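Welcome! Let's take a walk through a protein together, beginning with the molecule it holds and then stepping back to look at the chain.

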Amino acid sequence: MKEKLRQLKLDFSQEIKKVKSPAELEAIENKYLSRKSGLLNNILRGLKEVAKEEVAEIGAFANELKQSIVEEIELLRHKLSSGGQSTSFDFTLPGNLPPIGHLHPITEAIREIASIFGGIGFQRQRYPEVDWDYYAFETLNMPGDHPARDEWETFFIDSKPIKMNLPANSQKLVEFGKRILTPHTSSGQVREMEKGKLPIRMMNLSKCYRRQMDVSHTPMFHQFEGLVIDKDINITHLKGTVDYFVKKFFGADRTIRLRPHHFQFTEPSFEVDISCGLCHGTGRSEDLPRQSGAEAGGGKCRMCKEGWLELAGAGMVHPNVLRAGGIDSQKYSGFAFGWGVERCYTMKAGLNIDDIRLLYKNDLRFNEQF
Ligand code: PHE
């Protein structure tokens, strides 16, 4: 019987070579594999007469044979249907790339800002996001019911005001007040001073929360705050640092100006403006039609109208703040600045995002554009 099967194998391999069309292939398939009249089954019907010891071996051989016949037929069927090519797969086609994501634009901005300041020695520090009134207001020269506090639109945690010993001075019992979500990164200032290490050159780059939500505000946003405290620190250091950052982040052609302002925790205080990237601080646009009141040479710049864009707050650390942090304000002085990451980022990219809330909607159609 094994002999017969071997013969069948030979016959099949001879015959299949001659097949030229799907019809011929089907005929061969029937001839060999048809259940009722196929040659293979014809032989296997004789299995009943085979000696018991041989049945297993012959059965296995027959199975293998059948399998190889089926495979050869399938292969040929595929060849015939794909126009004679051995395969329909074209290896030269470019593949389908898996989608590749990227960091959120604000994460990228945070990393860039941290690395710019890292390059001039500002060490990034972290402070609690849920902090005490004491660090966000009280020690920043905004006692109890000072009206300046209103500007920070603070979220208060539903908790009882508490009294505690100062971490830096266990003898001193102070009112820490209520718990809050930090409304600005300045809450890190006195915490940094309390560490008792001078000089200070810290960067606090973190989430802030305010009860505000409109096209230019989200209840959660980011600020980056620089604080430098050392002997003989003066306004020129502040100006140089801020100017260095602006040139690195926005471009070498940008400059800054300081405008007088007011913060309770800095004296003097400034608002920092950056020269407009479109008109380079002139406020005029040569290619715009002349507008009434505009100087000769062009119309008003459509971005800034007056040459400067308002960026952020800064100032020289108030002596009361230094004192609250246990630092001798006669010996040491410092500067601080605190700016919004989202604002800087949208200004840098020249993005005219008409609703800043889009940044945190998690809508891929928006995020993928960056
Ligand atoms: N904390 C201020 C704000 O949120 C900004 C600021 C920081 C101003 C440091 C001066 C010095 O508006």
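A polar contact is a pair of N or O atoms within 3.5 Å. Keep that cut-off in mind, and remember too that the model you see is a predicted one.

Let's put the cut-off to use on the ligand. In the side chain of Arg-210, an N or O atom is 2.9 Å from an oxygen atom of the ligand. That distance falls within the 3.5 Å limit, so the pair counts as a polar contact. Ser-186 has an N or O atom in its side chain that is 2.8 Å from a nitrogen atom of the ligand. For Trp-152, the distance from a side-chain N or O atom to an oxygen atom of the ligand is 3.3 Å. How much of the ligand does the protein bury? Taken alone, the ligand exposes 330 Å², and the protein buries 93% of that.

Now let's look at the surroundings. The ligand sits in the largest pocket, and 15 residues are found around the ligand. Those that come nearest are His-184, Ser-186, Arg-210, Gln-223 and Gly-338. Sorted by character, the shell around the ligand has 6 nonpolar residues, 7 polar ones and 2 charged ones. Which strand gives the most to this shell? The answer is β13, with 3 residues. At least two shell residues come from each of β7 (220-230), β12 (308-317) and β13 (333-340).

Time to step back and take in the whole protein chain. You can find 11 helices and 13 strands in the chain. The protein chain has a radius of gyration of 39 Å, whereas the globule rule gives 21 Å for 370 residues; the chain's value is well over that, so the chain is more spread out than a compact globule. Along the principal axes, the C-alpha atoms of the protein chain fill a box of roughly 115 × 65 × 35 Å.

Finally, here are some details of the backbone. Leu-198 and Pro-199 are joined by a cis peptide bond, with omega at about -5°. To find Pro-199, look in the loop between α7 (188-194) and β6 (200-209). Another cis peptide bond joins Glu-267 and Pro-268, where omega is about -5°. Pro-268 has its place in strand β9, which covers residues 266-275. Asp-232 is also worth a visit: this residue is not a glycine, and its phi is positive, near 60°. You will find Asp-232 in the loop between β7 and α8 (235-250). As you saw earlier, β7 also supplies residues to the shell around the ligand.

Key
Residues are numbered from 1 along each chain as its sequence is written. This is a predicted model: local features need pLDDT of at least 70, side-chain atom pairs count only at pLDDT 80 or more; totals for chains, interfaces and linings use all residues. Side-chain values use heavy atoms; hydrogens and water are left out. A residue is near a molecule or strand if one of its heavy atoms lies within 4 Å of it. A polar contact is a pair of N or O atoms within 3.5 Å; within protein, one must be able to donate a hydrogen and the other to accept it, and residues adjacent in sequence count only if both atoms are side-chain atoms. Accessible areas come from the Shrake-Rupley method with a 1.4 Å probe; for residues, only the protein chains shown count as cover. On a 1 Å grid over the protein atoms alone, a cavity is a set of points where a 1.4 Å probe fits but cannot get out, and a pocket is an open set with protein on both sides within 12 Å along at least five of seven lines; lining residues have an atom within 4 Å of a point. A molecule sits in a cavity or pocket if more than half of its atoms lie within 2 Å of its grid points. Helices (H or I, at least four residues) and strands (E, at least two) are DSSP runs, numbered from the N terminus. Ala, Val, Leu, Ile, Met, Phe, Trp, Tyr, Cys and Pro count as nonpolar, Asp, Glu, Lys and Arg as charged, and the others, Gly among them, as polar. The radius of gyration is taken over C-alpha atoms; the globule rule is 2.2 Å times the number of residues to the power 0.38.
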